[in-house]
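Biologist: I would like to learn how to read a model of this kind. Please take me through it feature by feature.

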Amino acid sequence: MRGHLIHRYLIALGSNQRHVRHGAPEDVLRASLAALEDYGEDDGVRVLAVSPMIRSAPVGPSLRRYANAAALVESEWAPEELLRVLKRIEHAFGRRSRGQRWRARVLDLDIVLWSGGIHASRNLAIPHRLFRTRDFVLGPAATIAPDWRDPVTGLCLRHLKPRLTTSRPLPR
């Protein structure tokens, strides 16, 4: 349900497949951000900051490298409502929920952190349970929200990031 509170969210973006209309994975990420902002027009989501894109090795069976980024957004939408919107955008970009876990995908959008702290439901856990172990999430996230504290560990993203290896930036 929408309230009058403005929430901030940290969203992780990933793609490792071309899209028929949008092209290469990094273009898919750019298009998905535009789709997110356009989704609710006046009362939807406002993108405040977008990280530089990086390339990362796949997790799991996929052989294709990923383009990854993070976005800092604000919205009146509660976490479950934003999750539904993210899933609709993924679906519109060709993502299907069936099949092998961690396979190649056109688009992956995950809520990593929320200004409300911890959220747990059947469909959604915030903070994202694996974000502390993933350089392809922490690297981009730390560039746009270095002082955001993980509500579980109490550490800022800039303190979590150095514990991991560094990803290479995408060539321009």
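Modeller: What follows covers the fold, the cores, the surface and one peptide bond. Keep in mind that the model is predicted.

Biologist: How many helices and strands does the chain have, and which pattern do they follow along the sequence?

Modeller: The chain has 4 helices and 8 strands. Their order along the sequence is β-α-β-β-β-α-β-β-β-α-α-β. Among contacts between residues at least 6 apart in sequence, 68% join residues at least 24 apart.

Biologist: Which residues have the most contacts inside the largest nonpolar core?

Modeller: A nonpolar core is a set of buried nonpolar residues joined through side-chain atoms within 4.5 Å. Here the largest one has 29 residues, and Leu-36, Val-73, Leu-82, Leu-107 and Ile-111 have the most contacts inside it. Several elements supply at least two residues each, including strand S1 (7–15), helix H1 (25–39) and helix H2 (79–92). Another core, of 18 residues, lies apart from it, with Trp-148 and Leu-157 among its members.

Biologist: What does Leu-36 touch, leaving out residues up to four places away in sequence?

Modeller: Leu-36 touches Val-45, Val-73, Leu-82, Val-85, Leu-86 and Ile-89.

Biologist: What share of the chain is buried, and what supplies the exposed area?

Modeller: Of the 172 residues, 49% are buried. The chain exposes about 9,400 Å², of which carbon and sulfur atoms supply 52%.

Biologist: Where is there a cis peptide bond?

Modeller: Most peptide bonds are trans. In this model, a cis bond joins Ile-126 and Pro-127, with omega about 5°. Pro-127 lies in the loop between strand S7 (125–126) and helix H3 (135–144).

How values were computed:
Residues numbered from 1 in each chain as written. Predicted model: local features only at pLDDT ≥ 70, side-chain atom pairs only at ≥ 80, totals over all residues. Heavy atoms only, no water. Buried < 20%, exposed > 50% of the residue type's maximum accessible area, 1.4 Å probe, protein only. Contact = heavy atoms within 4.5 Å. Areas by Shrake-Rupley, 256 points an atom, 1.4 Å probe, with all protein chains shown as cover.
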